[in-house]
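Here is a friendly walk through one structure for someone meeting it for the first time. Have a look at the sequence and the model, and then follow the text from strand to strand.

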Amino acid sequence: MPMQNRDAEEVLKDAVRKGLLMMWQEENEDHERHEGEYYPSSIGSCIRKQYYEYTKPMPPSPETLAIFATGEGVHEAVAESLKRSGEVIVNHTELPIKLRITEEIELSGRVDILLAEILGKKAVVEVKSTSSIPSEPYESHMLQLQTYLHALAIDTGFMLYWDKRTGNIESFMVKRDDIWLRRAGERVVILHEHIKKKAPPIKEAFEEGRYWECDQCAYLDDCEPFSLLGVAKGSNIAVYGIEFQNGVIIPEIKNISAKIINSKSQDNTVIILCDTDLQASNVALYLKNENIKYDLLYTKPQRFRSGIAWKLELIKRLSERYRIRYFADSSQKVLELARPFVISSEAV
Ligand code: SF4
């Protein structure tokens, strides 16, 4: 390829990156971070990530810029479509928001929202592009929309989801509700207290099974949600899927116990149990009573309806950091799906 073409191609790519970064900075300079002042559109995202954003600001990752650009584009396209339709009046596409939570804490910033009149009624429309439309609005989106409704004293809001793969559109009408205001208030107070104490909060997105949020998080290397405390990268681990039926552990307790002891005797393998049913404290007690030794117990977050999907997602991420020497489970399906990520597997 002639040198000139190559140069022109590089110039083009760099120009897009540079321009996007400038747009992102412009948007973010508007809400430079100060202790006690928090940004309404972030309130539903991982509380630990918000903590890092205040205490350790970082330039955006390429993924963040891509998400930002998609969001901007979709917001503009929806605003323009509504205006052209003649059926909905769009009064604002961006507004300053201020909501006092306590004497020291305020939610404030300029946010991209649509303030519209639909069938003669004022409403806030919050637009999200998504890769699959949920059956109800996500909690993080509700927190955001409810914050806007309270700050603007408007009763009605709409969560508008646009599926970027299929083009499907879904809208959910919501009413202003004080329960959400309290929930947003509690979150921002927790964030504020942690920032004041300079102590990171829990790894919320990880604990709640929002692994995709961790995958896109600029602070993944600081937070290390999928790393096992004190276990060096590349170490051997063994993963056992366990579940309870009528109060009895499946697979049969002695069987799994023997396998765990066997794994332990081989090259210090770290033993991880994945439980899909019970509360971690109940399971831990049960395992203690049965004298089953293990290094770490994971319990399925509620967000995952399917235990198979959860174990698979967890195993994928663990395999990026460790050598999964052995994986045992009672489900043939999960064993099959996990095969690319583990060295050996077995049905138990
Ligand atoms: S890596 Fe996950 S848990 Fe940690 S801060 Fe980021 S989103 Fe939160």
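Strand β7, residues 156-163, pairs with β8 in the antiparallel sense, and 7 bridges hold the pairing. One facing pair to look for is Tyr 161, which stands opposite Glu 170 in β8. Please keep in mind that everything here comes from a predicted model.

Where do β7 and β8 belong in the order of the sheet? They are part of an open sheet of 5 strands, arranged β2-β5-β6-β7-β8, and the pairing in this sheet is mixed. β2 (88-92) and β8 (169-175) each have a single partner strand, so one side of each is left without a neighbour in the sheet. From one strand to the next, the twist averages 35 degrees. As general background, strands of a sheet pair through backbone hydrogen bonds, either parallel or antiparallel.

Another open sheet has 3 strands in the order β1-β4-β3, again with mixed pairing. Its edge strands are β1 (37-38) and β3 (95-100), each of which pairs on one side only. β3 runs antiparallel to β4 (residues 106-111), and 6 bridges join the two. Here you can find Leu 95 standing opposite Val 111 in β4.

Now for the helices that lie across these strands. Helix α3 spans residues 62-85, and the strands it lies across include β5 (114-118) and β6 (121-130). Helix α4, made of residues 139-152, lies across β3 and β4, and α4 also lies across β6, β7 and β8. The table gives the angles.

| Helix | Strands it lies across | Angle |
|---|---|---|
| α3 | β2, β5, β6 and β7 | about 140 degrees to β6 |
| α4 | β6, β7 and β8 | about 155 degrees to β6 |
| α4 | β3 and β4 | about 85 degrees to β3 |

Next comes the ligand. Which residues are closest to it? They are Cys 46, Lys 203, Cys 214, Cys 217 and Cys 223, out of 15 residues that surround the ligand. Two or more residues of this shell come from each of α2 (47-55), α6 (204-207), α7 (211-215) and α8 (220-223). By class, the shell holds 10 nonpolar and 5 charged residues, with no polar ones.

Helix α2 deserves a second look. Its buried residues are Ile 47, Arg 48, Lys 49, Gln 50, Tyr 51 and Glu 53. These buried residues of α2 pack against α5 (178-197), α6 and α8.

Stepping back, the domain assignment divides the chain into domain 1 (31-221) and domain 2 (226-347). The C-alpha centres of domain 1 and domain 2 lie 35 Å apart. Where the domains touch, 5 residues of domain 1 are in contact with 6 residues of domain 2. The domain 1 side of this meeting place has 1 nonpolar, 1 polar and 3 charged residues.

Finally, visit Asn 268, in the loop between α9 (253-265) and β11 (270-275). Is Asn 268 buried or exposed? Asn 268 counts as exposed, because it has 10 C-beta neighbours inside 10 Å, and the cut-off for an exposed residue is 12 or fewer. Asn 268 and Val 11 are separated by 257 residues in sequence, and their C-alpha atoms are 52 Å apart in space.

Terms used
Residues are numbered from 1 along each chain as its sequence is written. This is a predicted model: local features need pLDDT of at least 70, side-chain atom pairs count only at pLDDT 80 or more; totals for chains, interfaces and linings use all residues. A residue is near a molecule or strand if its C-beta atom, placed from the backbone, lies within 6 Å of it. Helices (H or I, at least four residues) and strands (E, at least two) are DSSP runs, numbered from the N terminus. Ala, Val, Leu, Ile, Met, Phe, Trp, Tyr, Cys and Pro count as nonpolar, Asp, Glu, Lys and Arg as charged, and the others, Gly among them, as polar. A residue is buried if 20 or more other C-beta atoms lie within 10 Å of its own, exposed if 12 or fewer, and partly exposed in between; C-beta atoms are placed from the backbone. Two residues are in contact if their C-beta atoms, placed from the backbone, lie within 7 Å. Domain bounds come from an automatic or database domain assignment. Two strands pair if DSSP finds at least two bridges between them. Axes are lines fitted to C-alpha atoms, for helices over the stretch in contact, and angles run from 0 to 180 degrees between N-to-C directions.
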